[in-house]
Structures are given as C-alpha cells and as structure tokens.
Amino acid sequence: MERAIALSFLFLTFVYQSSGQCEMLMCRINPFIGSQSRLTTSDIDLNLCSYIIIAIGLVTNEENVIYVKPQVRQMYSWMSQAKRQNPKLKFVMTLYIETFYEMYLDPAKRSELFQACIRHLRDNRFVGMTIELNYGFGYDVYPHTTYTKHRFADFLQDAQNAFTDEAKGNDKPKLLLFGTLPGFTNIILKDYDVPRTFNYSDFVIFNILSYGEDDYWTGWETIDELSRRHHSRIYKLDPEDTFNLDYYSQWIISVGGVKSKTIVSVEVQALFYYNRRAPGLEPNYKLVRILNYGEMCDFLRKGGQIARASNISPFHIYDRMLTFYDDEFSVKERIKYIKKTSLAGFSFGAMEGDDFRGNCGRGKWPLLRAIRGECRKS
C-alpha cells in the first residue's frame with residue numbers, strides 16, 4: 001500500500017517482546033506527521049515488531065461513541081494484510097478522550113463508552129487499548145472547577161473493571177489496558193493520581209524528554225554547556241541535573257510508579273537549531289525544524305564538528321547550525337539503561353524519526369534495528 005498515512009490524531013505503536021530483556025519495545029508513529037515525512041505503510045517492516053497500537057478516533061460528549069473517520073477505516077484493510085503477512089502481529093487501539101471532563105460526570109455515558117470500546121476491540125480483533133488524555137500532552141485545557149486529579153484514575157479503574165468483567169463471560173484473554181502520563185512532572189503531580197494510574201493499568205507509557213528545555217536561547221556556550229541542552233540524555237551531569245532519562249525514571253517511581261509497568265517513551269528525533277545572528281556576535285539559537293535520522297545524515301555530510309553529551313548522545317555543529325540527535329550508539333545505550341534498571345520497556349517515540357528510506361547508507365530503520373538488536377542481547 002503506497003498511499004501516505006495521512007490520518008489526523010492516529011498513532012501506530014509497534015511493540016516487540018523478548019524473553020526476559022526489553023519485555024516491551026514500542027515504536028510509535030504519528031501518521032499526520034508521517035505523511036509530511038512521506039512515510040507510507042509500504043515502508044513499514046512488519047517483522048520488526050509484535051504489537052501495533054492504532055489510535056482510531058475521538059469520543060465526544062454528545063455522541064459518546066467510537067467515531068472512526070473514513071480514512072482511518074481504510075487502515076483496517078491494511079491491518080488485515082499485515083496480519084496475513086505476519087500472523088504473529090497483534091493490534092491495540094488508542095482512544096483519545098476529547099471531552100473527557102464533561103463526559104465523565106455522567107456514569108451512564110461512561111458505561112456506554114466502555115461497552116462501545118469492548119465491542120469495537122473484539123469486532124476488529126484488537127487485543128487491548130491505550131487511553132490518551134488531552135491527546136497525550138497534558139496541557140491545561142480544561143476548567144479547573146470541573147476537574148480533580150483523581151478523575152483520570154477513576155476512569156482507568158472503570159475501564160479495567162469493564163475489561164475484567166467482559167473476560168469472565170468468554171474464553172478470550174482479557175483486553176489489555178495502557179495508561180499514559182505526560183512528560184511534565186509539575187502537571188503529573190497536579191493532575192494525575194500516579195499510584196492509582198499504575199494500579200489500574202496493565203502498563204503505563206511515560207512520555208518524557210520529547211523536546212529540548214528551550215525553543216530558543218541567547219549566549220556564548222561551551223561544548224559542555226551545549227551538552228546540557230540535549231533532549232535525550234540518559235545520565236545526570238551533576239546532582240542538580242533533572243533533564244535526563246535517569247532522573248525522570250527514578251522520579252516516577254518515587255511518586256508511586258511501578259517499575260515492572262513503566263514503559264519509557266522518548267522522541268528519537270533530531271532537533272535543528274539555527275543561530276540567527278552573524279558570526280562574531282553573541283549567538284541567538286532558535287528551534288526551526290525537527291529532522292528524521294535520514295535527514296540528519298544529510299547534515300552530517302556537510303562536515304562540521306560532532307560532540308557527545310556524556311560521551312553518548314551526539315550533537316552536530318556546522319556554521320550557524322546546531323542539531324541534537326540520536327544515532328545507533330546512543331539508542332543502544334538507552335536500551336542498556338532500560339534493561340539495567342528493570343523497567344518494563346521503551347517506546348520509540350516517533351517512528352518517522354528513523355531513516356526509513358536508507359538515506360544513511362546502512363539500510364532502512366537503522367535506529368530501530370539497533371534497538372531491537374540490543375534488546376535481544378542477554
């Protein structure tokens with residue numbers, strides 16, 4: 001199927017399961033962005049992963065049904081083709097709650113929603129569902145007068161109960177439920193009951209380190225100072241450093257998370273900053289583009305300087321351009337961290353961020369193949 005995946009608010013997540021190592025490796029694609037990068041279903045290697053999670057539509061307070069846009073429905077035929085090519089593939093649906101705060105106040109509507117979800121999951125041969133609140137970004141878009149931090153956990157509890165009750169009436173495995181948490185610690189503390197979110201979820205996807213701390217900044221900085229700005233660093237540079245995977249992973253456990261249920265999600269994309277001032281003047285960098293790994297390889301061919309934050313995470317300096325990115329070495333080091341700390345797994349935050357066309361000269365999907373290879377090691 002050569003058509004571009006141009007589906008608004010749709011995510012595909014590929015989950016690879018291994019025996020004892022990287023229990024769950026997830027690779028997510030945003031097809032709306034993927035279509036802009038010209039990623040198509042024909043680019044996807046169906047043998048890389050075992051589970052594919054597909055977000056299918058929106059729920060509204062007025063309709064309170066699973067609404068699947070016509071173009072999203074077309075994905076179902078691709079799912080059937082994919083399962084024929086790889087019978088081991090399993091599919092999971094992601095549900096976005098557009099008007100969660102208003103809808104949740106009505107228990108009858110809430111019950112109707114869960115039953116609609118179960119019917120849709122079973123009818124279309126999904127094995128489970130993830131629930132995204134505020135499209136997974138956690139921004140303040142709701143009236144505080146109608147929301148308390150316990151409501152999302154209550155919602156997960158009701159969904160899990162519905163899934164459990166449904167499984168008692170048939171011989172099929174219970175549907176899986178994934179909770180999600182945004183990448184902002186202050187919002188998590190204010191808006192989420194972390195212990196109960198983990199309690200009522202089979203797994204929780206923790207979205208961290210998606211982008212840099214600043215979209216722009218001004219000032220002269222050394223290589224070491226620039227290293228601190230890397231968006232996908234693994235380890236702390238000093239005891240006060242909070243912008244790294246190690247800090248976030250320990251933090252979520254400290255506030256009630258469960259290691260064996262925590263799937264760490266990181267955007268594996270390159271962030272391209274441009275110095276808007278002429279050479280010799282104090283630099284003023286601004287984030288101007290997000291690049292995939294194939295595009296990053298074009299940048300590297302220009303020459304310039306490559307440095308690594310903590311000797312792991314690479315960044316490239318050329319003329320007035322500064323780009324923070326990941327390569328095969330850095331993603332493998334991240335997987336080593338996941339295994340060492342006994343977290344449940346890792347989510348490749350944006351599959352379109354890899355080199356899916358082989359532009360780097362090392363075959364298609366070099367980052368994902370590196371991650372998969374590292375997961376398989378004992």
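**Figure 1. Long-range contacts across the predicted protein chain.** Residues 24 or more positions apart account for 72% of the contacts with a separation of 6 or more. The model shown is predicted. The protein chain holds 12 helices and 16 strands. It has 378 residues, and 56% of them count as buried. Its accessible surface comes to about 16,100 Å², with 49% belonging to carbon and sulfur atoms.

**Figure 2. Strand S7 and its two parallel partners.** Strand S7 covers residues 176-181, and 5 of its 6 residues are buried, so the rest of the structure largely encloses it. Strand S6 (residues 126-133) pairs with S7 in the parallel sense over 3 bridges. Here Met 129 stands opposite Leu 177. Strand S8 (residues 203-208) also pairs with S7 in the parallel sense, over 4 bridges. In that pairing, Gly 179 of S7 stands opposite Val 204 of S8.

**Figure 3. Met 129 in the largest nonpolar core.** This core has 83 residues. Trp 78, Phe 91, Met 129 and Phe 346 touch the most other members. Beyond its neighbours within four places in sequence, Met 129 is in contact with several residues, including Val 92, Leu 95, Cys 117, Phe 163 and Phe 178. Another core, of 11 residues, lies apart from the largest one; Trp 217, Leu 271, Tyr 273 and Ile 317 are among its members. In soluble globular proteins, nonpolar side chains tend to be buried together.

**Figure 4. Helix H10 and its cover.** Helix H10 spans residues 293-300. Its residues Tyr 293, Gly 294, Met 296, Cys 297 and Phe 299 are buried. Their cover includes strands S11 (270-275), S12 (284-291), S14 (313-318) and S15 (321-324), along with helices H11 (328-340) and H12 (366-376). Asn 292 caps the N-terminal end of H10. A side-chain oxygen of Asn 292 lies 3.0 Å from the backbone nitrogen of Gly 294.

**Figure 5. A salt bridge between helices H4 and H5.** Arg 122 and Glu 166 meet through their side chains, at 3.0 Å from N to O. The two residues are 44 residues apart, Arg 122 in H4 (residues 107-123) and Glu 166 in H5 (residues 151-168). Arg 122 is buried, with a relative accessible area of 18%. Glu 166 is buried too, at 17%.

**Figure 6. Further salt bridges.** The whole structure has 19 salt bridges. Glu 221 pairs with Arg 229, with the closest N and O atoms 2.7 Å apart. Glu 221 is partly exposed at 27% relative accessibility, whereas Arg 229 is buried at 18%. Arg 289 and Glu 295 form another salt bridge (2.9 Å, N to O). Lys 339, Glu 374 and Lys 377 are joined into one network by salt bridges that share partners.

Key. Residues are numbered from 1 along each chain as its sequence is written. This is a predicted model: local features need pLDDT of at least 70, side-chain atom pairs count only at pLDDT 80 or more; totals for chains, interfaces and linings use all residues. Side-chain values use heavy atoms; hydrogens and water are left out. Buried means under 20% relative accessible area, exposed over 50%, partly exposed in between (1.4 Å probe, protein chains only). Contact means heavy atoms within 4.5 Å. Accessible areas come from the Shrake-Rupley method with a 1.4 Å probe; for residues, only the protein chains shown count as cover. Two strands pair if DSSP finds at least two bridges between them. A polar contact is a pair of N or O atoms within 3.5 Å; within protein, one must be able to donate a hydrogen and the other to accept it, and residues adjacent in sequence count only if both atoms are side-chain atoms. A nonpolar core is a set of buried Ala, Val, Leu, Ile, Met, Phe, Trp, Tyr and Cys residues joined through side-chain atoms within 4.5 Å. A salt bridge is a side-chain nitrogen of Lys or Arg within 4 Å of a carboxyl oxygen of Asp or Glu.
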